[in-house]
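Q: Here's a model I'd like a close look at. Pick one residue to start from, tell me whether it is buried or exposed, and then work outwards to whatever surrounds it.

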Amino acid sequence: MTDWAAFAASLGGIPCETDPALVKQRSRDFYWYSPVLKQQLRHVTADMVVAPRDEAEVIEVIRRCYAERIAVTARGGGTGNYGQAMPLHGGVVLDLMQLNSIGELRNGMLRVGAGAKLGEIEARCKPLGWELRMFPSTRRTASIGGFVAGGFRRRRFDQLRHVA
Ligand SMILES: Cc1cc2nc3c(=O)[nH]c(=O)nc-3n(C[C@H](O)[C@H](O)[C@H](O)COP(=O)(O)OP(=O)(O)OC[C@H]3O[C@@H](n4cnc5c(N)ncnc54)[C@H](O)[C@@H]3O)c2cc1C
């Protein structure tokens, strides 16, 4: 059985949350929109939340979880409707919202961190004459990582379009 306090301490300063109430809160998305999932998933909770600040920290958390056979569930804004961001096997919720860098727009191309919010990406691009081609109504909370991983599909990811 994992000693979660020891595991958190061993992550060497990578932000962690082990308070059960907060962990439970971060173990939920909008699954309860479905009466079926509301029944099935209401007891689901992680053991801890880890919020890496950069790619190196993501790699370190995944490496440690793999070594100790700890389940990992990625989480963006937690606005998905189907329980996709919920830790069905406990373990770690990997909160990726701190990876929120937004680079410089060049020729309609933008490099962003997985945790960048869609609304913030658009706010950065709009004054330069570009806008998001598609987005969910949750764009002020939802991340680009959750949008891509949660079901959005295009053959090419040409998400920005020129409007000026
Ligand atoms: C009121 C409401 C309105 C909505 N309206 C729309 C709509 O108009 N259109 C629409 O398409 N959707 C809509 N949604 C669904 C949801 O908001 C979108 O799917 C949104 O893009 C999810 O983004 P998120 O950051 O919250 O992802 P999360 O819910 O956090 O995660 C979604 C999935 O992606 C995975 N994931 C998250 N981040 C990463 C990452 N960095 N790397 C790998 N995997 C990752 C998670 O494990 C999970 O499987 C709505 C939801 C609500 C509650």
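A: Let's start with Asn107, which counts as exposed because its C-beta has 7 neighbours inside 10 Å. Bear in mind that this is a predicted model. Asn107 belongs to the loop between β4 and α5. Its backbone is worth a look too: phi is near 50 degrees, a positive value in a residue other than glycine.

Asn107 has a counterpart in another loop. Arg69 also has a positive phi, about 55 degrees, and it is not a glycine either. Arg69 lies between α4 and β3, and with 8 C-beta neighbours inside 10 Å it counts as exposed.

Now follow the loop of Asn107 on to the helix at its end, α5, which covers residues 118–125. Cys125 is part of that helix, and here the picture flips: Cys125 has 21 C-beta neighbours inside 10 Å, so it counts as buried. Leaving out residues up to four places away in sequence, Cys125 touches Leu105, Leu110, Trp130, Glu131 and Leu160. For a longer hop along the chain, try Arg161: it is 36 residues from Cys125 in sequence, yet their C-alpha atoms are 9.8 Å apart.

Going the other way from Asn107's loop takes you to β4, residues 92–95. This strand is part of an open, four-stranded sheet with mixed pairing, ordered β1-β2-β4-β3. The edges belong to β1 (16–17) and β3 (72–75); each has a single partner strand, so one side of each has no neighbour in the sheet. Strand β1 runs antiparallel to β2 (residues 48–50), and 2 bridges join them. In that pair, Cys16 stands opposite Val50. Helix α4, residues 55–67, lies across β2, β3 and β4, at about 170 degrees to β4.

Then there's the ligand. Its shell holds 25 residues, of which Gly76, Gly80, Gln84, Gly145 and Gly146 come nearest. Helix α6 (144–149) and strand β3 each supply at least two shell residues, with α6 giving the largest share, 4 residues. By type, the shell splits into 9 nonpolar, 14 polar and 2 charged residues. Domain 1 (4–95) and domain 2 (100–164) both contribute to the shell, so the ligand lies between them.

Finally, zoom out to the whole chain. There are 6 helices and 6 strands, following the pattern α-β-α-α-β-α-β-β-α-β-α-β along the sequence. The C-alpha atoms fill a box of roughly 55 × 40 × 25 Å along the principal axes. Of the 164 residues, 29% are buried, Cys125 being one that counts as such. Among contacts between residues at least 6 apart in sequence, 59% join residues at least 24 apart.

Terms used: Residues numbered from 1 in each chain as written. Predicted model: local features only at pLDDT ≥ 70, side-chain atom pairs only at ≥ 80, totals over all residues. Buried ≥ 20, exposed ≤ 12 C-beta atoms within 10 Å, placed from the backbone. Contact = placed C-beta atoms within 7 Å. Pairing = 2+ DSSP bridges. Axes fitted to C-alpha atoms, helices over the stretch in contact; angles between N-to-C directions. Near = placed C-beta within 6 Å. Nonpolar A, V, L, I, M, F, W, Y, C, P; charged D, E, K, R; others polar. Domains from an automatic or database assignment.
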